[in-house]
Amino acid sequence: MKHFGFFLILGIVLLSLQVVWGKFLPFPPARPDFTLAFTLYLGFTSSSFIGGSLAFALGYLTDLFTGNVFGFYALTRPLLFYGVQLYRSRFNLDGFVFQSLLGWVTAFLEGCFVVFLMMTLNATTVPNLYSKLFRLLLPQSVATGIVAPFVFILVNRTSAFVFYRSKVGLKR
Amino acid sequence: MRIRSFFFVRRHHRLILVIALLITALALMSLRAKQRSGVDFLDGLWLELCSPFHEVSTGLAKNLQGLFHLPFQSSRLGEENIELRQQVARLKEENSRLKEAALASERLRRLLEFKETVRISMVGAEVIGRDPSSWFKSVTINKGEKDGVRKGMAVTSPEGVVGQVLRTGPHYSVVLLITDYNSALDGLIQRTRGRTIVEGRGENRCQLKYLLRTEDVVVGDIVITSGLTGNFPKGLVIGEIRRVEKEGQGVFQEAELVPCADLSKLEEVLVITETRVLPSPSVEAKEAKPKKPAPIRRKGR
């Protein structure tokens with residue numbers, strides 16, 4: 001429960017960064033998805049129940065702050081989490097390049113899936129879809145790939161610091 | 001039997017969790033689509049819990065931006081001051097002309113005995129967050145139900161229409177911008193009075209739909225709200241037409257619109273909380289006339 005609460009607050013802080021700091025970027029479409037990188041981190045480190053619930057909660061919160069009427073991210077984030085968890089033993093988590101590549105590929109695939117859902121369920125036509133995929137989705141996924149290793153390091157260090165400190169506190 | 005089911009759950013616990021979460025997500029989507037009040041309550045609760053984080057982040061970001069820009073801006077302040085003084089002089093002159101025009105319009109309105117006058121109540125709000133994804137367009141504002149903001153209310157800025165309220169919490173709300181794919185608004189071409197639907201296209205652009213081919217629309221035409229749908233009063237500026245396409249066959253033509261309000265740099269917005277149609281002063285005066293006093297009965301009759 002303590003881990004769940006801590007990671008949830010960390011997720012909300014990352015979401016706040018994503019929501020607020022995006023507008024200060026010189027090229028707005030290249031806005032990194034911090035919460036997606038965080039979900040990937042959870043896929044590697046958390047248990048099925050805690051990680052899955054957190055991925056769902058973060059997806060729900062992302063939906064809450066978007067103009068997304070249905071709520072697609074609450075569906076895609078748990079899928080992403082379990083996808084990573086299923087194959088986590090086959091990947092080397094420590095590699096910077098691997099983390100970056102994973103962030104990039106998953107952000108792109110998730111974006112494509114969201115657009116597909118949007119067009120299917122919402123009966124929305126997205127004009128110039130392919131050019132938009134490259135103009136909007138590609139910069140965002142590349143930016144997510146770039147920040148993913150840093151999010152991994154940040155979350156890893158913060159959680160290590162918090163839980164190590166609390167253990168020391170208990171010993172005393 | 002119980003033992004067997006226990007082992008089944010233990011063995012397939014991950015699969016069961018995946019299915020449970022996906023079913024919850026799908027149920028949530030379905031409830032949202034049906035606009036059930038339970039989901040609204042949950043949304044409001046989480047909006048209230050998370051928005052203070054956004055507010056703090058916005059404050060920090062603004063302070064840092066101010067600190068960063070201060071040394072660069074000081075050299076430009078003098079020039080800007082002169083420019084602003086000139087602009088104030090221009091606006092004063094324009095203001096007096098508009099006052100004259102408003103008075104003339106009021107006189108004509110009385111002459112024609114127009115039956116209605118529209119009074120709009122607004123609440124000012126600060127933008128504290130933007131959409132976390134690239135595909136959807138929305139902003140979070142620091143006013144909610146406690147300030148009179150309700151779902152579906154029109155949101156505008158001094159430059160033009162911004163969007164409408166999508167979700168509300170007690171102190172915060174999420175506004176769907178007019179450029180979002182889910183947004184549609186009834187519009188009117190100001191010059192020709194032709195009716196159209198303004199649909200969001202993402203990337204700070206809108207599309208004009210069901211605009212009759214016979215309408216003489218040109219680039220630069222202004223589109224305003226028609227006042228027929230939602231809570232948007234008539235006459236609010238939506239945007240300017242940038243491209244008109246009459247190619248192909250069909251009843252309608254296509255046009256692209258750019259919103260007058262710069263939606264990528266929004267900082268403050270106005271939420272229209274009430275649009276009241278008031279009777280004109282002449283009608284009011286007629287209605288307020290005292291009734292004829294009843295004739296006094298004389299004794300003996």
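# Close-up views of a two-chain predicted model

**Figure 1. Chain B as a whole.** Take the contacts in chain B between residues at least 6 apart in sequence: 60% of them join residues at least 24 apart. The model is predicted. Chain B holds 4 helices and 12 strands. It has 301 residues, of which 30% count as buried.

**Figure 2. Where chain B meets chain A.** The contact between the chains involves 44 residues of chain B and 43 residues of chain A. On the chain B side, six elements each supply at least two residues. Two are helices, α2 (13-33) and α3 (37-112). The others are the strands β1 (116-130), β2 (138-141), β4 (161-168) and β5 (173-177). Helix α2(B) provides the largest share of this side, 13 residues. By type, the chain B side splits into 22 nonpolar, 13 polar and 9 charged residues. The next views stay with α2(B).

**Figure 3. Helix α3 of chain A against α2(B).** α3(A), residues 48-64, packs on α2(B) at an angle of about 15°. The two axes lie 10 Å apart. An angle under 35 degrees counts as roughly parallel, so α3(A) is roughly parallel to α2(B). The crossing of these two helices is right-handed. From α3(A), the contact uses Ser48(A), Phe49(A), Gly52(A) and Phe56(A). From α2(B), it uses His13(B), Arg14(B), Leu17(B), Leu21(B), Thr24(B) and Ala25(B). This contact is mixed in type: 5 nonpolar residues, 4 polar and 1 charged.

**Figure 4. Leu17(B) in the α3(A) contact.** Leu17(B) sits in helix α2 of chain B. Is Leu17(B) buried, partly exposed or exposed? Leu17(B) counts as partly exposed, because it has 19 C-beta neighbours inside 10 Å and a buried residue needs 20 or more. Setting aside neighbours within four places in sequence, Leu17(B) is in contact with Ser48(A), Phe49(A) and Gly52(A).

**Figure 5. Helix α4 of chain A against α2(B).** α4(A), residues 73-87, also packs on α2(B), at an angle of about 165°. Here the axes are 8 Å apart. Angles over 145 degrees count as roughly antiparallel, and α4(A) and α2(B) are therefore roughly antiparallel to each other. Their crossing is left-handed. α4(A) brings Ala74(A), Leu75(A), Pro78(A) and Tyr82(A). These meet Val18(B), Leu21(B), Leu22(B), Ala25(B), Leu26(B), Leu28(B) and Met29(B) in α2(B). The residues of this contact comprise 11 nonpolar, no polar and no charged. Leu21(B) and Ala25(B) appear in this contact and also in the one with α3(A).

**Figure 6. Phe81(A), a buried residue of α4(A).** Phe81(A) is found in helix α4 of chain A. It counts as buried because 28 other C-beta atoms lie within 10 Å, and the cut-off is 20 or more. Which residues does Phe81(A) contact, leaving aside its neighbours within four places in sequence? They are Thr39(A), Leu42(A), Gly43(A), Gly51(A), Gly52(A) and Ala55(A). Gly52(A) is also among the α3(A) residues that meet α2(B). Phe81(A) and Ala55(A) are 26 residues apart in sequence, yet 6.5 Å apart in space, C-alpha to C-alpha.

**Figure 7. The largest nonpolar core.** In soluble globular proteins, nonpolar side chains tend to be buried together. The largest nonpolar core in this model has 96 residues. Those with the most contacts inside it come from both chains: Ala37(A), Phe38(A), Val151(A), Val162(B) and Val175(B). Helix α6 of chain A, residues 129-171, gives the most to this core, with 8 residues. Around Ala37(A), beyond the neighbours within four places in sequence, the contacts are Gly103(A), Thr144(A), Val147(A), Ala148(A) and Val151(A).

**Figure 8. Two positive phi angles in chain B.** Most residues other than glycine have a negative phi. Arg193(B) has a positive phi of about 65°, although it is not a glycine. It lies in the loop between β6 (184-189) and β7 (195-200) of chain B. Arg193(B) is exposed, with 10 other C-beta atoms within 10 Å. Tyr210(B), not a glycine either, has a positive phi of about 55°. Its place is in strand β8 of chain B, residues 206-212. Tyr210(B) is exposed, with 11 other C-beta atoms within 10 Å.

Methods. Residues numbered from 1 in each chain as written. Chains lettered and ligands numbered in written order. Predicted model: local features only at pLDDT ≥ 70, side-chain atom pairs only at ≥ 80, totals over all residues. Contact = placed C-beta atoms within 7 Å. Nonpolar A, V, L, I, M, F, W, Y, C, P; charged D, E, K, R; others polar. Core = buried A, V, L, I, M, F, W, Y, C linked by C-beta atoms within 7 Å. Buried ≥ 20, exposed ≤ 12 C-beta atoms within 10 Å, placed from the backbone. Axes fitted to C-alpha atoms, helices over the stretch in contact; angles between N-to-C directions. Parallel < 35°, antiparallel > 145°, perpendicular 65-115°, else oblique. Left-handed = near helix turned anticlockwise from the far one by under 90°.
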